[in-house]
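Before you work through this model in detail, here are some notes to read beside it. They take up its empty spaces, its cysteines and its nonpolar interior.

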Amino acid sequence: MRLGIDSGNFWTKSSTGFSYQSGLIECAAEPVAADNRIAYDDRFYSVGECRDAVETDKTKSDNMFLQMLPAVGKAIVARKLKPDQELELGVGTPLKRYGMEAPKYKDYFTDRKFDFQWNGNPYSIEITRVEVYPQGYAAYLANYDKFSGYKELNVIDIGGGTVDAFMISGGMPITSSFVSLNRGVINLTNKCRDDLEPAGINISENQICSSVMEMENLHLKAELIDRICRLQRDQYIKDLLYRLRERGFDFSVPTLFIGGGAMLLNKFWERYQINTVGCLDETANARAYEALLDRVM
């Protein structure tokens, strides 16, 4: 089986379109009601109910591996495969850190052979191959035919922890334009929480995102929540665009957005006179990692 996994700081996404929050809770016994129940190495976990703190180096703990297991189980079920599988895995790292992190990611996943249970069903997996790709650029390559007609193109991949950006000229990336900023949308949700806390309001990131997107908010203090979240959203966008312009990005040039963070803010880009030509969803990188497994970076 081939599978792409995008282990984001905010959400874990797979090439089958499965996504869930990047977090796990270890349980004393197997959880009864939770979705994405995992049993591994005589321990029990509930995955996706919360978000873990951002890890600077994800290869230093088992969290990324454990958070991957529901996606593996889901892919086997969705594709109607046998529970014993050899797995060819495509994963990604932030663009600017690709050269440093790709070997570590490859070592982290390579030659793992393991058994686990997902939602009560047993699986036996052997990872036989791992390829590592740069976030954002992989999604662009996998969708090259859609955007190859643009002589120049900005590509902005907004995730939970990082924003990866680069420029394309004549279909080729401009290496000197590669930028990775620790300015993903977790910065936005944290700032909203900080501003709501003095008013005694403690809401989930999903509720904050609903306010950011100007969806209906059913909270009793909805007006205050919406005002603060939308103020911080506008400030976040302005700050991000300022930082990218400082690094030479011209948003009169056609611009492709990628990722869950970009989708969260997608309907607001036109307010800032950005020449947007597309927005690929949060699973775009994961789908690209599987599609590009035959192309070693």
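The numbered points below go through the pocket, the cavity, the cysteines and the cores in turn.

1. Please keep in mind that this is a predicted model, so that each value in these points is computed from predicted coordinates.

2. The largest pocket holds about 770 Å³ of space, and its lining is made up of 41 residues, with Phe 10, Trp 11, Lys 13, Gly 159 and Gly 160 lying nearest its centre. Among the elements that give two or more residues to this lining are strand S1 (2–7), strand S2 (11–14), helix H2 (98–109) and strand S10 (152–158), while the largest share, 4 residues, comes from H8, the helix that spans residues 260–264. By character, the lining of the largest pocket divides into 12 nonpolar, 19 polar and 10 charged residues.

3. The structure also holds 1 cavity of 30 Å³ or more, and about 120 Å³ of space lies in this largest cavity. Its lining includes Ser 7, Asn 9, Ser 22, Asp 52, Glu 55 and Lys 58, and helix H1 (residues 63–78) gives the most to that lining, with 3 residues. The residues that line the largest cavity divide into 3 nonpolar, 6 polar and 3 charged.

4. Why do Cys 192 and Cys 229 form no bond with each other? The sulfur of Cys 192 has that of Cys 229 as its closest cysteine sulfur, but the two are 3.9 Å apart, which is too far for a bond, given that a disulfide needs the sulfur atoms within 2.5 Å. Cys 192 is buried, with a relative accessible area of 0%, and Cys 229 is likewise buried, with a relative accessible area of 0%. The structure as a whole holds 0 disulfides.

5. The largest nonpolar core has 36 residues, of which Ile 156, Ile 158, Tyr 236, Ile 237, Leu 244, Phe 249 and Leu 265 touch the most other members. Helix H7 (222–246) is one of the elements that supply at least two residues of this core, as are S10, strand S11 (163–169) and strand S13 (179–181), and H7 gives the most, with 8 residues. Apart from this core lies another, of 35 residues, among them Val 47, Leu 87, Tyr 98 and Val 132.

6. Phe 249 deserves a separate look: leaving aside residues up to four places away in sequence, Phe 249 touches Asn 154, Ile 156, Ala 165, Phe 166, Met 167, Ser 177, Val 179 and Leu 244.

Conventions:
Residues numbered from 1 in each chain as written. Predicted model: local features only at pLDDT ≥ 70, side-chain atom pairs only at ≥ 80, totals over all residues. Heavy atoms only, no water. 1 Å grid on protein atoms, 1.4 Å probe; cavity = no way out; pocket = protein on both sides within 12 Å on 5 of 7 lines; lining within 4 Å. Points joined across faces, edges and corners; volume = space filled by probe spheres on them. Nonpolar A, V, L, I, M, F, W, Y, C, P; charged D, E, K, R; others polar. Buried < 20%, exposed > 50% of the residue type's maximum accessible area, 1.4 Å probe, protein only. Core = buried A, V, L, I, M, F, W, Y, C linked by side-chain atoms within 4.5 Å. Contact = heavy atoms within 4.5 Å.
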